[in-house]
Amino acid sequence: MQLSQSKCSLKANEGRWIYIWVNSMKLYQALRHVDKFRTVFDFGGREVAHWFPGHMAKGLKQMRANLKSVDCIIEIHDARISFLLYYTIKQNPVFQDTLSAKPHLLILNKMDLADLSNKQRILKKLEKEGMTHVLFTDCLKQRDHNIKKLVPKVMDIIASKPRFNREEITNYCLMVIGVPNVGKSSLINSLRRTNLKKGRASRVGGEPGITKAVLTKIQVCERPIMYLLDTPGVLPPKIESVETGMKLALCGTILDHLVGEDIIADYLLYSLNRLGKFSYVDKYDLQEPSDDIQHVLKRIAVKLGKTQRVKAITGVGNVTITIPNYTAAAYDFIRAFRKGELGQVMLD
């Protein structure tokens, strides 16, 4: 019996050592190419993609009009680009007027997709900017314990400042603001699911621009009675730099076609390599990390069977050939990142 247990123990130890060795070799293969990776991304003279459609301008006017009936502002960001979004919001004078007029809470959503190993550094940096009320959430999760903290936290924030014209009103109204596709509607639905045991009231999508107008009050809590106004995602009329625009596009805040899936995919590859996130190698059956987006997209297309037939002109006439569909491969690469399939990342 003891001999049998010893053999099992030896096999288990052997398996662990093999696992460690295999992963060490993978790390070695990745690190030996680090010095060959790009340290600067070449934007090729591209200009910033501006996206400020009519519904954004209209939404800003509606936000101002509804501000008198609001007790607290919920500012929601994508946790992967929390600082970038914080400064992007500050660029918009209308947002600044809104935020300075009412108590507000900052929510860093999509925490499941972000590398929060430096969470305390993030909080300290935000605190230096005067942002002391911060909550991390994952609003798509069926049971997010942090969502349960939101109503008590909001009540504490509201209680710390006078309500002025709303002092006699016994219910509470919140307004959620942020750039497109950071999870504002998901937050509303998560609050309803947690506090009211009810289904979704706001339409949710994986692309920016789903909510196009300030909606009527949506109840999100019974005790106390609390309502929340959903608003369209709004960007500043002018984005400060190409790299800021690229990070916004990578996280799905700007429509892909306004930037181009090929350039977004290349910037994604550059970012993953720079951060030492090489899980794409295993996911797409690459031999080793690569800094060549064409090579990576070709491997993705082959693995997923994404090909297209095109006509080629030759000396003997037109010939139909099958080539990798690079656009479809880029689309899959970007979507994998946005779903968290390429690891947790912090782009700030």
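Which residues are buried in H8? I looked this up before anything else. The buried ones in H8 are Thr244, Gly245, Met246, Lys247, Leu248, Ala249 and Leu250. I took buried as under 20% relative accessible area, exposed as over 50%, and partly exposed as in between, with a 1.4 Å probe and protein chains only. Helix H8 spans residues 242-250 and is mostly covered, with seven of its nine residues buried. Just after H8, I found glycine 252 at a positive phi of about 80°.

Notes on the model. This is a predicted model, in which local features need pLDDT of at least 70 and side-chain atom pairs count only at pLDDT 80 or more, while totals for chains, interfaces and linings use all residues. Residues are numbered from 1 along each chain as its sequence is written, and side-chain values use heavy atoms, with hydrogens and water left out.

Overall counts. I find 13 helices and eight strands in the protein. Helices (H or I, at least four residues) and strands (E, at least two) are DSSP runs, numbered from the N terminus. Of the 348 residues in the protein, 47% are buried. The exposed area is about 18400 Å², and carbon and sulfur atoms supply 53% of it; areas come from the Shrake-Rupley method with a 1.4 Å probe, and for residues only the protein chains shown count as cover. I also looked at contacts, meaning heavy atoms within 4.5 Å. Among those between residues at least 6 apart in sequence, 71% join residues at least 24 apart.

Salt bridges. I searched the whole structure and got 10 salt bridges, each a side-chain nitrogen of Lys or Arg within 4 Å of a carboxyl oxygen of Asp or Glu.

Entry one is arginine 38 with aspartate 266, at 3.0 Å from N to O. Arginine 38 sits in the loop between helix H1 (2-31) and helix H2 (54-66) and aspartate 266 in helix H10 (residues 261-275), so this pair ties together parts that are 228 residues apart in sequence. Arginine 38 is partly exposed at 25% relative accessibility, whereas aspartate 266 is buried at 14%. I note that Arg38, Asp266 and Asp291 are linked in a network of salt bridges.

Entry two is lysine 277 with aspartate 115, where the closest N and O atoms are 3.5 Å apart. Lysine 277 is in the loop between H10 and helix H11 (279-283), aspartate 115 is in the loop between strand E2 (104-109) and helix H5 (119-128), and the two are 162 residues apart. Lysine 277 is partly exposed at 24% relative accessibility, and aspartate 115 is partly exposed at 23%.

Entry three is aspartate 256 with arginine 335, at 3.2 Å from N to O. The pair links helix H9 (residues 256-259) to helix H13 (residues 326-338), with the two positions 79 residues apart in sequence. I find both aspartate 256 and arginine 335 buried.

Helix packing. How do the axes of H12 and H13 cross? The axes of helix H12 (residues 293-304) and H13 come within 8 Å and cross at roughly 90°. Axes are lines fitted to C-alpha atoms, for helices over the stretch in contact, and angles run from 0 to 180 degrees between N-to-C directions. H12 and H13 are therefore roughly perpendicular, a label for 65 to 115 degrees; under 35 is roughly parallel, over 145 roughly antiparallel and the rest oblique. On the H12 side I listed residues including Ile293, Leu297 and Ile300, and on the H13 side residues including Tyr326, Ala329 and Phe333.
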